[in-house]
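Visitor: Could you pick one part of this model and take a close look at it with me? I'd like to know where it sits and what surrounds it.

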Amino acid sequence: MIYILAALLPPVGLLVNGQPISALVNLVMIVPCILLGLIFPPLFLVPSVHAVIAVHMRRTDRRQREVIDAIERSGGVPPRDWRP
């Protein structure tokens, strides 16, 4: 759901995801992209793509942090009878 919000309303999607600085950068990026998008239409997509990539990177970082925390809580060594 956050990806849809980031694609349709990029600054709002970034704010909801907890990235206020990225939302501000995205908001500043929207103005020239709209003006130059009249000449080169693919530029209309730049703020949305930026927001979707930023949301994805933040979620990936959160998942990796959770895995690292789980490994550290368990002692970092797999059980004796564990096999891959």
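Guide: Let's start with a word we'll need all the way through: a helix here is a DSSP run of H or I with at least four residues, and the helices are numbered from the N terminus. Keep in mind as well that this is a predicted model. The part I'd pick is helix α4, which covers residues 46-74.

How far apart are the end C-alpha atoms of α4? They are 42 Å apart, and that agrees with the 42 Å you'd expect for its 29 residues at 1.5 Å a residue. Just after α4 comes G75, with a positive phi near 100 degrees. You can also look from V46, which belongs to α4, across to G75: they are 29 residues apart along the chain, and their C-alpha atoms are separated by 44 Å.

Now, which residues of α4 are buried? They are P47, S48, A51, A54 and V55. The cover over these residues includes α1, α2 and α3. Let's walk along the helix and see who touches whom.

V46 has a relative accessibility of 32%, so it counts as partly exposed. Beyond its neighbours within four places in sequence, V46 is in contact with M29 and C33. Both of those partners appear among the buried residues of α3, together with A23, N26 and G37.

S48 comes out differently: since buried means under 20% relative accessible area, its 16% puts S48 in the buried group. Setting aside residues up to four places away in sequence, S48 touches A6, A7 and P10.

Next stop, A54, which is also in α4. Its relative accessible area is 12%, so A54 is buried too. Apart from residues up to four places away in sequence, A54 touches L14 and Q19. It's worth finding Y3 on the screen as well: A54 and Y3 are 51 residues apart along the chain, yet their C-alpha atoms are separated by 10.0 Å.

Let's turn around and look from Q19, which lies in the loop between α2 and α3. Q19 is buried because its relative accessible area is 12%. From there, again leaving out residues up to four places away in sequence, Q19 touches L14, A54, V55 and R58.

Some of these names come back when we look at how nonpolar residues group. In soluble globular proteins, nonpolar side chains tend to be buried together. In this model the largest nonpolar core has seven residues: I2, A6, L14, A23, A51, A54 and V55. At least two of them come from α1 and at least two from α4. With three residues, α4 gives the most to this core.

There is a nonpolar group on the surface, too. V31, I34, L35, L36, L38, I39, F40, F44, L45, V49, I53 and M57 make a patch of about 1,300 Å². Both α3 and α4 supply at least two residues each, though the largest share, four residues, belongs to α3. One of the patch residues, V31, is found in α3.

Since α3 keeps turning up beside our helix, let's give it a moment. The 18 residues of α3 should span 26 Å at 1.5 Å a residue, and its end C-alpha atoms, 25 Å apart, agree with that. What covers the buried residues of α3 includes α2 and α4. Put that next to our own helix, where the cover over the buried residues includes α3, and you can see that each helix helps to cover the other.

Two more residues in α3 are worth a look. P20 lies in this helix and is exposed, because its relative accessible area is 51%. The C-alpha atoms of P20 and R80, which are 60 residues apart along the chain, are separated by 45 Å. L27 lies in α3 as well, and at 48% it is partly exposed. Between L27 and D69, 42 residues apart in sequence, the distance from C-alpha to C-alpha is 34 Å.

So that's our tour of α4: on one hand, it gives three residues to the largest nonpolar core; on the other, it supplies at least two residues of the nonpolar surface patch.

Key: Residues numbered from 1 in each chain as written. Predicted model: local features only at pLDDT ≥ 70, side-chain atom pairs only at ≥ 80, totals over all residues. Heavy atoms only, no water. Buried < 20%, exposed > 50% of the residue type's maximum accessible area, 1.4 Å probe, protein only. Contact = heavy atoms within 4.5 Å. Patch = residues over 30% accessible without salt bridge, like charges linked within 9 Å, V, L, I, M, F, W, Y side chains within 5 Å. Areas by Shrake-Rupley, 256 points an atom, 1.4 Å probe, with all protein chains shown as cover. Salt bridge = Lys/Arg side-chain N within 4 Å of Asp/Glu carboxyl O. Core = buried A, V, L, I, M, F, W, Y, C linked by side-chain atoms within 4.5 Å. Expected span 1.5 Å × (residues − 1).
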